[in-house]
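These are my notebook entries on one structure. I record in them what I looked up and in what order.

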Amino acid sequence: MLRLLSYLLGLLIFPSVQGGIASNSKDQSMCVLQDAPQQCGSFCLAALNPIFDDTDSMRTTLDEIKAELKAGLDSRLKQELKEDFANSIQALQTKLDARLDRTEELRMMKITADVNDDLKSQLNTLHDTIKHLQSQLKISEGQIKSKEDILKVKEELIKSQHEHLKNRDEQISDLRTEINSIDNIKSELSSQLSELQKTDDILHDSCPSDSPNGIYQIKLRGLEPFKVPCVSSTFGWTVIQRRIDGSENFNRTWNDYKSGFGNVRGEFFIGLEKLHRMTEARPHELYIKLGKVNGSTSYAHYDDFKIGSEEEEYKLKNLGKYSGEAGDSLSDNKNQKFTTFDRDNDNINDFNCASTYGAWWHKACSDSLLNAKYFKDGKGYRGILWYSWQENEDELLTFVEMMIRPKSL
Ligand SMILES: *[C@@H]1O[C@H](CO)[C@@H](O)[C@H](O)[C@H]1NC(C)=O
Ligand SMILES: *[C@@H]1O[C@H](CO)[C@@H](O)[C@H](O)[C@H]1NC(C)=O
Ligand SMILES: [Ca+2]
């Protein structure tokens, strides 16, 4: 209440003191100067008199007001300052904002720069990578080139091998042709061979004619092939027995005489089984050549010589007609079985002619003893004999050759 009053007072008083106080507001002082004297009148004077009386208190109050005003002024100034400050701050704020913007800009720029740096470093890295790749490319190019060279060499190699293979193919085809011709020759030869074998089978069941004398192979049906000496230069005789030097033992068993023994190039006997098979198949003639130690020779020939089977004890089944120079010392033995020292088929009981005179177709023994003991000098006891060609008792034969051949009809 007091404050309101003082304020009102202040308002009323203000124009009078106004001249002594510097005023910043013209409108306010003008109001006071214009209106106060008229408005006041008698009322104002009556009210103001006490106040003017108390000058000291007024002054105090004035001072107070002054102070107050001053304070107000101060506050006003302060306000202005404040405003200035605010403006400054505003300006500063604006500047700051600008600065901030700039900073932001700079920051952005920095970021951009950083990014640029980053990009730069990345670029550098890329550059390095590209460099590296380029060097690798160079290396790869070099490798490719060397590989191409190798490839070239290999192509050459393949080419030459191809050439080689071509040559081989030609060689192979040549060889095939040769093989074919060889095969043809082979089949021709084999057919010729089989032809020859057929011929062999037909011809070689006895010695060939008009061929060199010598040893030939003979094949008889049912028997293994065997070798015989052949007198083939003119007639084709097969030698079946030979005595020339006494080197072979002729005092042998039935089985030996059955299968034959001795050396076909020397003394030997062909064997009774072979004689049987040869003379059974075809009619044969027999030629006996005889010789003495002084070199004189003779012969006996029979034109139908045939020997029986083992079941027939290799019987002298036939002889045919005799011819010759030595005389007939064998016809008496016709139809006699063969006798060996171990197979007695002769006509004498309690005596084996073979044990004494050698194996033969003995009857009561024989006039011919061609398997008897051999005496080199022709002188001996119970030696080789052809009785019809014997002039002296002790004159023995030192050469015998019995031969047969198929009869030519
Ligand atoms: C051999 O001796 C016999 C008598 O023993 C005789 O007749 C013959 O002429 C003789 N031969 C030769 C070739 O000497
Ligand atoms: C033949 O041999 C038999 C048995 O060894 C013998 O008994 C016989 O006397 C011999 N004959 C001759 C002529 O040597
Ligand atoms: Ca007897």
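**Entry 1: serine 366**

I began with serine 366, which I found in the loop between helix H6 (353–357) and strand E10 (368–369). The model I am reading is a predicted one. Is serine 366 buried or exposed? Its relative accessible area is 16%, and because the cut-off for a buried residue is under 20%, I entered serine 366 as buried.

I then looked up the partners of its side chain. One polar contact joins the side chain of serine 366 to the side chain of asparagine 333, at 2.8 Å. Another polar contact, at 3.0 Å, joins the side chain of serine 366 to that of histidine 362.

**Entry 2: the calcium ion**

I next turned to the calcium ion (ligand 3). Which protein atoms serve as its donors? Aspartate 344 and aspartate 346 are each listed twice, with OD atoms, while Ile348 and Phe351 are each listed with an O atom. I noted that these donors lie 2.0 to 3.2 Å from the ion.

The donor residues follow the spacing D-x1-D-x1-I-x2-F in the sequence. I also looked up the geometry: the angles among the six donor atoms run from 44 to 158°. I recorded the site of the calcium ion as irregular, because six donors count as octahedral only if opposite donors are over 155 degrees apart and all others between 65 and 115.

For two of the donor residues I checked the accessibility. Aspartate 344 has a relative accessible area of 38% and is partly exposed. Isoleucine 348 is partly exposed as well, with a relative accessibility of 27%.

**Entry 3: aspartate 350 and aspartate 210**

Aspartate 350 is in the loop between strand E9 (322–324) and H6. I read its phi as near 55°, which is a positive value in a residue other than glycine. Its relative accessible area is 84%, and I entered aspartate 350 as exposed.

I found a positive phi at aspartate 210 too, where the value is near 50° and the residue is again not glycine. Aspartate 210 belongs to the loop between H3 and E1. With a relative accessible area of 65%, aspartate 210 is exposed.

**Entry 4: proline 208**

I stayed with that loop, between helix H3 (55–203) and strand E1 (214–218), and found proline 208 there. Is proline 208 buried or exposed? Its relative accessible area is 16%, and I recorded it as buried. I then looked up a distance from proline 208 to serine 233, a residue 25 places apart from it along the chain. Their C-alpha atoms are separated by 8.8 Å.

**Entry 5: ligand 2**

Which residues are around ligand 2? I listed Asn251, Phe341, Ser355 and Thr356. This shell holds one nonpolar residue, three polar residues and no charged ones.

I noted two atom pairs. The side chain of asparagine 251 places an N or O atom 2.3 Å from an oxygen atom of ligand 2. At serine 355 a polar backbone atom is 2.9 Å from a nitrogen atom of ligand 2. Ligand 2 taken alone exposes 360 Å², and the protein buries 45% of that.

**Entry 6: ligand 1 and glutamine 390**

Ligand 1 is surrounded by Asn294, Ser296, Glu391, Asn392 and Glu395. I sorted this shell into three polar residues, two charged residues and no nonpolar ones.

One oxygen atom of ligand 1 is 3.4 Å from a polar side-chain atom of glutamate 391. For glutamate 395, I noted a side-chain N or O atom 2.3 Å from an oxygen atom of ligand 1. On its own ligand 1 has 360 Å² of accessible area, of which the protein covers 45%.

Glutamate 395 appears again as a partner of glutamine 390: a polar atom in the side chain of glutamine 390 lies 3.2 Å from the backbone oxygen of glutamate 395. Glutamine 390 is in the loop between strand E11 (385–386) and strand E12 (397–406). Its relative accessibility is 18%, and it counts as buried.

**Entry 7: helix H5**

My last item was helix H5 (residues 272–281). Why did I describe it as largely enclosed by the rest of the structure? I did so because seven of its ten residues are buried. The buried residues of H5 include Leu272, Leu275, His276 and Met278. Glu273 and Lys274 are also among them.

Conventions. Residues numbered from 1 in each chain as written. Chains lettered and ligands numbered in written order. Predicted model: local features only at pLDDT ≥ 70, side-chain atom pairs only at ≥ 80, totals over all residues. Heavy atoms only, no water. Near = heavy atom within 4 Å. Polar contact = N/O pair within 3.5 Å; in protein donor to acceptor, adjacent residues only side chain to side chain. Areas by Shrake-Rupley, 256 points an atom, 1.4 Å probe, with all protein chains shown as cover. Nonpolar A, V, L, I, M, F, W, Y, C, P; charged D, E, K, R; others polar. Donors = N, O, S within 2.8 Å, 3.2 Å for Na, K, Ca; no water. Tetrahedral: all angles 85-135°; square planar, octahedral: opposite > 155°, others 65-115°. Buried < 20%, exposed > 50% of the residue type's maximum accessible area, 1.4 Å probe, protein only. Helix = DSSP H or I, 4+ residues; strand = E, 2+ residues; numbered from the N terminus.
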